[in-house]
There are 2 protein chains.
Amino acid sequence: MQKATADKSDPIAAQLAPVGRETVQDRVYSELRRALIGGLFEPSQVLTIRGLADALMTSTMPVREALGRLITEKALEALPNRSVRVPPITLERMDDLLRARILIEGEAIALAATRMNSRQIATIEGMLGEWDEMRALKHKKDVDREVTLNQAFHFEIYRACGSAVLIPMIESLWLQSGPCIRVAIYAFSDAGEVDTAHYHRTIVKAMAAQDAAGAREALIADISRPFVFLRNKLEADSKKGLSA
Amino acid sequence: MQKATADKSDPIAAQLAPVGRETVQDRVYSELRRALIGGLFEPSQVLTIRGLADALMTSTMPVREALGRLITEKALEALPNRSVRVPPITLERMDDLLRARILIEGEAIALAATRMNSRQIATIEGMLGEWDEMRALKHKKDVDREVTLNQAFHFEIYRACGSAVLIPMIESLWLQSGPCIRVAIYAFSDAGEVDTAHYHRTIVKAMAAQDAAGAREALIADISRPFVFLRNKLEADSKKGLSA
DNA sequence: TCAATGCAAGTGTGATCACAAATCAAATAA
DNA sequence: TTATTTGATTTGTGATCACACTTGCATTGA
């Protein structure tokens, strides 16, 4: 396998995309990330290395390294007993997360507003259509698809901000708020108010006009919704639990 | 070892501090962190698991997990060859890092400005004294102590912001800018302009007055210095290299 | 009946081994 | 001399094992 035979002078090699050797650990990590952001794990649920290894059909080795990585991103929590769980939801933590997301994602979208080219704007505009489409056959209540599409929309924008530092931080924030969001989305569906498309449309409009301040404002409104909704719900629940 | 016999009713237990079982992996991780923030590793230097394991006198297992964690925080970089190195310094990355630090650390200090109690302010005020003290016998050029003291000063403030979400992000940012900073500090010393104490004094003043905007501004001035200094240096070097 | 004790299963951590891929150096061919 | 190849060494990855600690449950004692 010589390096010289695979360089740019070879007309064959130019058409071949690098295959990219993904390790088992990477796959486990991605899978756990996906599950976390999608809210497949319950808050306060404890995870065991061997349990996950069995579920993912691998040995314990890739799992323990993936868990360690998720713990450092605060997506999981290491208890003093040395067991690991998905962090529980508290009101303080929710406010903390929302504040950080407003700060950082707001900055990212403001940067992106001045840097997105027309092709990128067309891409996110196209996503609005997908959203309406899914909404049409809404009875299916496909929460997974909803979460995935929402994530794709936001990160298509964030990627355009051009900051290799901010984007991983935003990913970490989504990882941390994943469990909360899922709860909120279910509550949303029950309450019947799923107007995400409206908020996204406002964002696209601002981006097309290169209106950084407007985009930031629209984004804040969008990401705040599940948090304030869930906050109200939790407060109502605790009040009800208190009186009961 | 019963839980019941170790609770608050036992007069003996009240005097005993929990022993806290730190794992080898944690020690390796902390040690590598310290080295990274202190800039003990050169930018672009590649690290090997077995090499570090030998240096740290442990097996490869704790090292590889610590490296994985540092890679997810972007403190280290995983090359496609699967070797890991400390990220190289580029102008784009420096600007990116500085912008993120201004955004997040600025927010943290603004929050802290309204929450620090007089005892905490006295603590950071006391640190100014230590700084002057060190400066007096400056001929020793104790860069390590300088870095440590600077870190202690800043994080004493950040901890007071009360955000469990922002603080780990700031730690990650320090980890990422560690290699840059060290280079800058050496350059500073050569240039003979070490007026960090002045900037810190301004910060303390603003914190004592609960002046959030002033504190943010003073902080930005403080953390920007090494970056602009290093930027000028790098630009001068590349220009010189170009003409040579 | 209830709490304390002791045993067994489960779990995380670290060490070691096997294997594949990458790297480096010497040797060979042009 | 220079470029290529071949082989040895190094390195990351995953699997397995041993050990210590925790947890849960059944047994025993008052």
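Biologist: Which oxygen of DNA strand D lies 3.3 Å from a polar side-chain atom of N81(A)?

Modeller: A polar contact is a pair of N or O atoms within 3.5 Å; within protein, one must be able to donate a hydrogen and the other to accept it, and residues adjacent in sequence count only if both atoms are side-chain atoms. In this case the partner of N81(A) is a phosphate oxygen. The model is predicted, with local features needing pLDDT of at least 70 and side-chain atom pairs pLDDT 80 or more, while totals for chains, interfaces and linings use all residues; side-chain values use heavy atoms, without hydrogens or water. Residues are numbered from 1 along each chain as its sequence is written, and chains are lettered from A and ligands numbered from 1 in the order in which they are written.

Biologist: Which kind of DNA atom do R50(B) and R64(B) approach?

Modeller: For both, the partner is a base nitrogen of DNA strand D: 2.8 Å from a polar side-chain atom of R50(B), and 2.6 Å from one of R64(B).

Biologist: How many residues are around DNA strand D, and which come nearest?

Modeller: A residue is near a strand if one of its heavy atoms lies within 4 Å of it. There are 17 here, and V24(A), S59(A), I49(B), R50(B) and R64(B) come nearest. Of the atoms of DNA strand D that come within 4 Å of the protein, 52% belong to sugar and phosphate.

Biologist: Which helix gives the most to this surface?

Modeller: Helices are DSSP runs of H or I, at least four residues, numbered from the N terminus. With three residues, α4(A) gives the most.

Biologist: How should the interface between the chains be read, and how much area do chain B and chain A bury?

Modeller: The size of an interface is often given as the accessible area lost when the parts come together. With a 1.4 Å probe, and summed over both parts, chain B and chain A bury about 2600 Å², 60% of it on carbon and sulfur atoms. Contact (heavy atoms within 4.5 Å) joins 32 residues of chain B to 32 of chain A.

Biologist: How many salt bridges are there between chain B and chain A?

Modeller: A salt bridge is a side-chain nitrogen of Lys or Arg within 4 Å of a carboxyl oxygen of Asp or Glu. The count is two; E65(A) and R64(B) form a salt bridge at 3.1 Å, N to O. R64(B) also approaches a base nitrogen of DNA strand D.

Biologist: What rotation superposes chain B on chain A?

Modeller: Copies are superposed by least squares on the C-alpha atoms of residues with pLDDT of at least 70 in both. Here the rotation is 180°, with 0.0 Å of shift along its axis and an RMSD of 0.0 Å. That is the relation of a two-fold axis. The C-alpha of R69(B) is the nearest to the axis in chain B, at 2.4 Å.

Notes
Helices (H or I, at least four residues) and strands (E, at least two) are DSSP runs, numbered from the N terminus. Buried area is the accessible area (1.4 Å probe) that two parts lose on being put together, summed over both.
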